[in-house]
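Me: I've got a structure here that I'd like to talk through with you. Can we go through it piece by piece?

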Amino acid sequence: MEQKVLAVLNEEFPWIDFESSNALWDDKILDSVTLIGIIETLNSEFDIVITYVDIIEDNFNSIAGMARLVSRLLEEKK
């Protein structure tokens, strides 16, 4: 799942090096506008709904965190 999420985000946000940090939010690599774009992209691409409850650092600090979030939401959707 990490590779799928990374591929989607690299296509939509090519100026961000998602692999360089495990603290994308904490290191201020992502700002609030970009985070909204990431959420919209993941929602659309994976047909999931990321709610405000899911918008926490652990879910958006790294590709691994985003992949876990997407996997969990896909599993809950079943």
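Reply: Sure, and keep in mind that this is a predicted model. A good way in is a polar contact: a side-chain polar atom of Asn59 sits 2.7 Å from the backbone oxygen of Asp54.

Me: Is Asn59 buried or exposed?

Reply: Asn59 belongs to helix 3. Its relative accessibility is 14%, and the cut-off for buried is under 20%, so Asn59 counts as buried.

Me: Which residues is Asn59 in contact with, leaving aside neighbours within four places in sequence?

Reply: Asp54 is one of them, and its backbone oxygen is the partner in that 2.7 Å pair. The full set is Asp54, Gly65, Met66 and Leu69.

Me: What about Ile55: where is it found?

Reply: Ile55 joins Tyr52 and Val53 in a nonpolar surface patch, with about 350 Å² of accessible area together. Ile55 itself is partly exposed because its relative accessible area is 39%, which lies between the 20% and 50% limits. As for its place in the chain, it's in the loop between helix 2 (32-46) and helix 3 (57-60).

Me: Now the largest nonpolar core: which helix gives it the largest share?

Reply: The core has 23 residues, and Val5, Leu9, Phe18, Ile38, Leu42 and Met66 touch the most other members. Helix 1 (2-12), helix 2 and helix 4 (63-77) each supply at least two of its residues. The largest share, six residues, comes from helix 4.

Me: And which residues does Val5 touch, not counting those up to four places away in sequence?

Reply: Val5 is among the core residues that touch the most other members. Its contacts are Leu42, Phe46, Ile63, Met66, Ala67 and Val70.

Technical notes: Residues numbered from 1 in each chain as written. Predicted model: local features only at pLDDT ≥ 70, side-chain atom pairs only at ≥ 80, totals over all residues. Heavy atoms only, no water. Patch = residues over 30% accessible without salt bridge, like charges linked within 9 Å, V, L, I, M, F, W, Y side chains within 5 Å. Areas by Shrake-Rupley, 256 points an atom, 1.4 Å probe, with all protein chains shown as cover. Salt bridge = Lys/Arg side-chain N within 4 Å of Asp/Glu carboxyl O. Helix = DSSP H or I, 4+ residues; strand = E, 2+ residues; numbered from the N terminus. Buried < 20%, exposed > 50% of the residue type's maximum accessible area, 1.4 Å probe, protein only. Polar contact = N/O pair within 3.5 Å; in protein donor to acceptor, adjacent residues only side chain to side chain. Contact = heavy atoms within 4.5 Å. Core = buried A, V, L, I, M, F, W, Y, C linked by side-chain atoms within 4.5 Å.
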